[in-house]
Amino acid sequence: MAVYTIKDVEKMSGIKAHTIRVWERRYGIVIPKRTDTNIRYYTDEDLRELLNISILNKNGMKISKIAELDKDEIAEKVEKLLDSSHEYSHIIDAMLLSMVKIDEYALSNAIDNAWEQYGFEKLIEDIVFPLLERIGLLWQTNAIYPVQERFVSNILRHKFIIAIDKEIPTKQNNNKKLIFFLPEGELHEFGLLFYSYIARKEGFEVIYLGASIPLQDLEKVQRVTHAKAFISAHVTAIDKQELENMFDYFKDTFPSVYFYITGLQIRELNPTLPNNFFVVSSAADFKKYLIELEDADF
């Protein structure tokens with residue numbers, strides 16, 4: 001059985017710890033258990049209930065009315081609300097709830113419904129990426145177990161592959177080759193997978209190398225492929241100087257090739273970039289770069 005502190009519950013549900021305590025005192029909502037040393041803690045069931053309450057409350061239902069409902073009635077109202085809701089935050093809440101419950105059907109269904117309603121690109125940018133950022137924060141603060149993060153990641157990766165498979169070109173295009181890779185030690189593929197999907201959709205031939213590629217191996221690949229550009233994502237914590245040194249190595253090794261970079265570390269560190277490097281912040285950004293790349297003189 002998982003055990004959560006009130007701070008864990010606050011991060012997971014978005015409800016302030018003070019508010020949780022007020023709800024507990026006034027309405028008897030989700031009374032925490034206590035250890036032998038009188039320390040408060042919450043169980044998986046408590047967390048699921050608070051997530052459901054949070055969803056109803058965010059959608060305008062007064063806490064006094066929620067307090068009159070039993071757990072089954074609350075769950076039923078949440079299910080109806082999420083089925084009809086068009087708000088991204090509600091979908092993210094539903095996915096988090098599915099993660100806590102390890103409910104593959106519910107998570108897959110939420111993704112598929114959002115995909116059908118908004119399209120794949122908006123699903124990823126407006127729902128999946130914010131979801132992953134919340135999960136990353138929860139994982140780093142030990143509010144969730146690694147297995148819960150892996151559960152979500154594996155399902156999302158499967159959905160990515162389905163979308164990408166639909167965009168695989170029927171023939172090679174030697175004039176529009178792009179190499180997608182993550183540098184050594186980097187394992188977070190979702191951003192890279194998303195932009196590889198965009199590139200395929202725009203008619204480029206994608207050479208997808210995947211995670212943790214030794215830098216010297218890129219030289220071997222480029223000698224064979226003569227790609228127009230490299231695309232990489234940088235999420236794992238890294239020293240700014242180390243990141244800049246990596247980029248300088250790329251510039252010296254591939255002086256006539258463009259590099260498109262994305263990821264949390266690019267946003268957070270704001271590294272100094274060589275003149276053949278460009279930051280990708282969105283699908284619209286990347287599409288603009290791809291149009292320019294088609295006209296680039298090599």
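The buried residues of helix α11 pack against four elements: the strands β4 (177-183), β5 (205-213) and β6 (229-233), and the helix α12 (240-253). That is a good place to step into this structure, which is a predicted model. Which residues of α11 are the buried ones? In this helix, made of residues 215-225, they are Leu215, Leu218, Gln222 and Thr225. Viewed down the axis of α11, these buried residues fall within an arc of 75 degrees, so they line one face of the helix. A general rule helps here: an α-helix has 3.6 residues a turn, so residues three or four places apart point the same way. Turn to the face of α11 that looks away from the buried side, and you will find the exposed residues Arg223 and Val224. Just after the helix comes His226, whose phi is positive, near 55 degrees.

Now let us step back for a wider view. The protein has 298 residues, and 47% of them count as buried. Its chain forms 14 helices and eight strands. Along its principal axes, the C-alpha trace spans about 70 × 40 × 25 Å. If we take the contacts with a separation of 6 or more, 71% of them join residues 24 or more positions apart.

With that picture in mind, we can visit a pair of helices, α6 (residues 88-101) and α7 (residues 104-118). Their axes lie 8 Å apart, and the two helices pack at an angle of about 160 degrees. Angles over 145 degrees count as roughly antiparallel, and α6 and α7 are therefore roughly antiparallel to each other. The crossing in which α6 passes α7 is left-handed. Which residues meet here? From α6 come Tyr88, Ile91, Met95 and Ser98, and from α7 come Ala106, Leu107, Ala110, Ile111, Ala114 and Tyr118. By class, the residues of this contact are nine nonpolar, one polar and no charged.

Two members of this contact deserve a closer look. On the α6 side there is Ser98, which is buried, with a relative accessible area of 5%. Not counting residues up to four places away in sequence, Ser98 touches Asp103, Ala106, Leu107 and Phe151. On the α7 side there is Ile111. Is Ile111 buried or exposed? Its relative accessible area is 1%, so Ile111 is buried. Leaving aside neighbours within four places in sequence, Ile111 is in contact with Met95, Leu123, Ile155, Leu156 and Lys159.

Between α6 and α7 runs a loop, and Ile102 is found in it. The phi of Ile102 is near 50 degrees, a positive value in a residue other than glycine. Ile102 has 44% relative accessibility and therefore counts as partly exposed. There is another such phi value in strand β5, where Ser212 is found. The phi of Ser212 is near 50 degrees, again positive in a residue other than glycine. With a relative accessible area of 27%, Ser212 is partly exposed. Strand β5 is one of the elements we met at the start, against which the buried residues of α11 pack.

A second helix pair brings together α10 (residues 190-201) and α14 (residues 283-294). How do they pack? They do so at an angle of about 45 degrees, with their axes 10 Å apart. That makes α10 oblique to α14. Here the crossing in which α10 passes α14 is right-handed. Phe194, Tyr195, Ile198 and Ala199 in α10 meet Ala283, Phe286, Lys287 and Leu290 in α14. Sorted by class, the contact holds seven nonpolar, no polar and one charged residues.

Lys287 also lets us link the two helix pairs we have visited. Between Ile111 and Lys287 there are 24 Å in space, C-alpha to C-alpha, and the two are 176 residues apart in sequence.

Our last stop is helix α12, where Asn245 lies. At 42% relative accessibility, Asn245 counts as partly exposed. Asn245 and Thr272 are 27 residues apart in sequence, and their C-alpha atoms are 10.0 Å apart in space. Helix α12 also brings us back to where we began, as one of the elements against which the buried residues of α11 pack.

How values were computed: Residues numbered from 1 in each chain as written. Predicted model: local features only at pLDDT ≥ 70, side-chain atom pairs only at ≥ 80, totals over all residues. Heavy atoms only, no water. Axes fitted to C-alpha atoms, helices over the stretch in contact; angles between N-to-C directions. Parallel < 35°, antiparallel > 145°, perpendicular 65-115°, else oblique. Left-handed = near helix turned anticlockwise from the far one by under 90°. Contact = heavy atoms within 4.5 Å. Nonpolar A, V, L, I, M, F, W, Y, C, P; charged D, E, K, R; others polar. Buried < 20%, exposed > 50% of the residue type's maximum accessible area, 1.4 Å probe, protein only. Arc of directions from axis to C-beta.
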